Amino acid sequence: MTVKFSQEHEWINAADAAAAVVGITVHAQDALGDVVFVDLPAVGTSFAQGEVAGVVESVKAAADVYMPVSGEIVEVNETLRADPSLANTDPLGAGWFFKVKLSDASQLDALMDETAYTAFAANS
């Protein structure tokens, strides 16, 4: 699996560059607590790397969801919209947020692998 991590605590599985899967990390959902609402982007919307593409709200706080890479939203997780707690119970699986068609796959190179992200998250 080709999973990379951003400093904003998003993960991206870019095994399929036409529909790379994006979600929040275990660290992010731990920090947020119980997720009660997600605001997902509209399919067909394009974002630059680092732009806010959505919002996740918990009982503690609201946090922006940033685009780990530039691209166009090709699918959103309607199951997550209906059951936001999936972001807590399965953040790296069923709790994914959206899929994006990469516009510049080289941007993945600037993201962290799991080892680097684990060290980063431990210090943030």
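## Exercises on a predicted fold

In this predicted model, six strands build an open sheet with antiparallel pairing, ordered β1-β2-β3-β9-β8-β5. Keep the structure open as you work through the exercises.

### Exercise 1: the ends of the sheet

Task: Find which strands stand at the edges of the sheet, and work out why one side of each is left without a neighbour.

Solution:
- Step 1. Read the strand order from end to end: β1-β2-β3-β9-β8-β5.
- Step 2. The edge positions belong to β1 and β5 (46–47), and each has a single partner strand, so one side of each has no neighbour in the sheet.
- Step 3. Now look at how β5 is held: two bridges join it to β8 (residues 71–76), and these two strands run antiparallel.
- Step 4. For a specific pair, pick S46, whose bridge partner in β8 is E72.

### Exercise 2: the nonpolar cores

Task: Determine how many residues the largest nonpolar core has, and which elements give two or more residues to it.

Solution:
- Step 1. The largest nonpolar core has 27 residues, and those with the most contacts inside it are I12, F97, F98, V100 and L102.
- Step 2. Two or more residues come from each of β3 (20–24), α1 (26–32), β4, β6 (52–58), β8, α3 and β9.
- Step 3. Apart from this core lies another, of seven residues, including F5, W11, V21 and M112.
- Step 4. Zoom in on F98. Leaving out residues up to four places away in sequence, F98 touches A20, V21, V22, P41, A53, V65, M67, I73, E75 and V76.

### Exercise 3: two loop residues

Task: Decide whether H9 is buried or exposed, then classify A94 in the same way.

Solution:
- Step 1. Locate H9 in the loop between β1 (3–5) and β2 (10–13).
- Step 2. The relative accessible area of H9 is 14%, and buried means under 20%, so H9 is buried.
- Step 3. Beyond residues up to four places away in sequence, H9 touches G23, I24, T25, H27, A28, Y117, F120 and S124.
- Step 4. Move to A94, in the loop between α3 (86–89) and β9 (98–102). Its relative accessibility is 36%, so A94 counts as partly exposed.
- Step 5. With residues up to four places away left out, A94 touches N77 and L86. The C-alpha atoms of A94 and L80 are 7.7 Å apart, although 14 residues separate the two along the chain.

### Exercise 4: a surface patch

Task: Name the residues that make the nonpolar surface patch of about 280 Å², and place F37.

Solution:
- Step 1. The patch is made by V36, F37 and V59.
- Step 2. F37 sits in strand β4 (residues 35–39).
- Step 3. At 40% relative accessibility, F37 counts as partly exposed.

Notes:
Residues are numbered from 1 along each chain as its sequence is written. This is a predicted model: local features need pLDDT of at least 70, side-chain atom pairs count only at pLDDT 80 or more; totals for chains, interfaces and linings use all residues. Side-chain values use heavy atoms; hydrogens and water are left out. Helices (H or I, at least four residues) and strands (E, at least two) are DSSP runs, numbered from the N terminus. Buried means under 20% relative accessible area, exposed over 50%, partly exposed in between (1.4 Å probe, protein chains only). Contact means heavy atoms within 4.5 Å. Patches are made of residues with over 30% relative accessible area and no salt bridge: like charges are joined within 9 Å, nonpolar side chains (Val, Leu, Ile, Met, Phe, Trp, Tyr) within 5 Å. Accessible areas come from the Shrake-Rupley method with a 1.4 Å probe; for residues, only the protein chains shown count as cover. A salt bridge is a side-chain nitrogen of Lys or Arg within 4 Å of a carboxyl oxygen of Asp or Glu. Two strands pair if DSSP finds at least two bridges between them. A nonpolar core is a set of buried Ala, Val, Leu, Ile, Met, Phe, Trp, Tyr and Cys residues joined through side-chain atoms within 4.5 Å.
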